[in-house]
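Thank you all for coming. Please take a moment to look at the sequence and the model on the screen, and then I will walk you through a few places in it.

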Amino acid sequence: MTKRAVIPDPVLDIEQIRKDFPLLQTPVYGKPLVYLDNAATTQKPQVVLESLYNYYTRYNSNVHRGVHFLSQQATEAYEQARKKVAGFINARHEHEIIFTKGTTNSINLVASSFGKKFLQPGDEVLISAMEHHSNIVPWQMICEERGAALKVIPINEQGELRMEAFDELLTGKVKIVAVTYISNSLGTVNPIAEIINKAHAAGIPVLIDGAQAIQHVPIDVRELDADFFAFSGHKIYGPTGVGILYGKEEWLNEMPPYEGGGDMIKNVTFAKTTYNELPFKFEAGTPDIAGGIVLGTALDYVQQIGITAIRRAEEELIQYAYNRLSAISSLRFIGDAGHRSGAISFLVGDIHPFDMGEILDKQSIAVRTGHHCTQPVMDFFNIPGTVRASFAFYNTRSEVDLLVEGIEKAKRMLM
Ligand code: PMP
């Protein structure tokens, strides 16, 4: 395996941090892996893997049910994880933290449950033109069911929300606003504090899709005054299959259950069922117990490094990447927002993004190509897809240099 020099990072000891991640040490095609697909999913540190192993080897048992020793241990660890999540995003109450399968599941829960209770024919749901499909389709489905209309905040050529259009769209008909904090395909950071303030001034609740934010920026749901905040465990160095819906108590109490089954009930007869209290009302069936506990471990890990230090390191790295990519002739950025985080999307000449992705892959550089589950964004820019490099704090400047070299090589081969 050829050794690649790692340029020391000015903010965090990245070289040391990289040792925490077994997969970052695993070669691809006999060369060190350059993993730049972090917006799709992040790699997992050893402590997270050990936490999963510990659960299944030491206290695997069902939660909230058994009086026996193992069940009590599992329940305690699971509820402890809920507490960690509440602390991580500064929720007022632990019961405002609902364990779900991920961001998609969290948004479907709100769209379905909130929609059934609060959407009437003629009402509107306001989303944006840069949403991931998982913050479009659930709203489309419930709007169709309830006779409501889906409205869309447009974007400009830089891939930023057109806030003057938002002001106009924010009418008395809108019952909920659902927007992403950070775009997964453009890297745009949206002014969500302004969005929430304006929506609240009109008496409208806001759901924030935090799938691309939770791992990059500090989140304080109370300071933001978000009504709902959704994220996935696997994007913040935790496992797949688990995610979080934060919801304000006053909304969650008003909303009907999303799914029926065990755990979400207080009492069942064939004549009538009464529902459990928060958060269990929204957690039907055996949850991903291991996933919840291990997500807690992942959050501990992030907290130990510090999300503010992570943000600083990533901002510097992205600036470096942006500068280096800007110097490549015939490269154009798709989305060029003033405030960006996480991902950089681009196209080079007339090279199809898939061809670029394949050539980079053969150099052991993992990027994502395609529409990134944001087809309306691709339609807006009139392109089939983009090449997306997305960064985590464990990425280095040397990896950015390799990406640039890889792109130059693809240009020589294809242009
Ligand atoms: N929203 C955004 C902005 C995303 O980037 C993603 C994942 N790519 C999702 C929602 C969906 O997350 P998940 O697939 O983990 O449910």
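Let me begin with Tyr237, which sits in the loop between strand 7 (228–232) and strand 8 (243–247); helices (H or I, at least four residues) and strands (E, at least two) are DSSP runs, numbered from the N terminus. The phi angle of Tyr237 is near 70°, which is a positive value in a residue other than glycine.

Before going further, I should say that this is a predicted model, in which local features need pLDDT of at least 70 and side-chain atom pairs count only at pLDDT 80 or more, while totals for chains, interfaces and linings use all residues. Residues are numbered from 1 along each chain as its sequence is written, and side-chain values use heavy atoms, with hydrogens and water left out.

A second loop to look at is the one between strand 10 (273–275) and helix 10 (289–305), where Pro279 lies. The peptide bond from Leu278 to Pro279 is cis, with omega near 0°.

Now to the sheet. There is an open sheet of 4 strands in the order 11-12-15-14, with antiparallel pairing, where two strands pair if DSSP finds at least two bridges between them. At its edges are strand 11 (331–333) and strand 14 (368–370), each of which pairs on one side only. From one strand to the next, the twist averages 35°, with axes taken as lines fitted to C-alpha atoms, for helices over the stretch in contact, and angles running from 0 to 180 degrees between N-to-C directions. Strand 12 (residues 343–348) and strand 15 (residues 386–390) run antiparallel and are joined by 4 bridges, and Phe346 stands opposite Val387 in strand 15.

Finally, the ligand. Which residues are around the ligand? They are Thr103, Thr104, His132, Ser134, Thr180, Asn184, Asp209, Ala211, Gln212, Ser232, His234 and Lys235, a residue being near a molecule if one of its heavy atoms lies within 4 Å of it. This shell divides into 1 nonpolar, 9 polar and 2 charged residues, where Ala, Val, Leu, Ile, Met, Phe, Trp, Tyr, Cys and Pro count as nonpolar, Asp, Glu, Lys and Arg as charged, and the others, Gly among them, as polar. An N or O atom in the side chain of Thr104 is 2.5 Å from an oxygen atom of the ligand, and a polar side-chain atom of His132 lies 3.3 Å from a nitrogen atom of the ligand.

How values were computed. A polar contact is a pair of N or O atoms within 3.5 Å; within protein, one must be able to donate a hydrogen and the other to accept it, and residues adjacent in sequence count only if both atoms are side-chain atoms.
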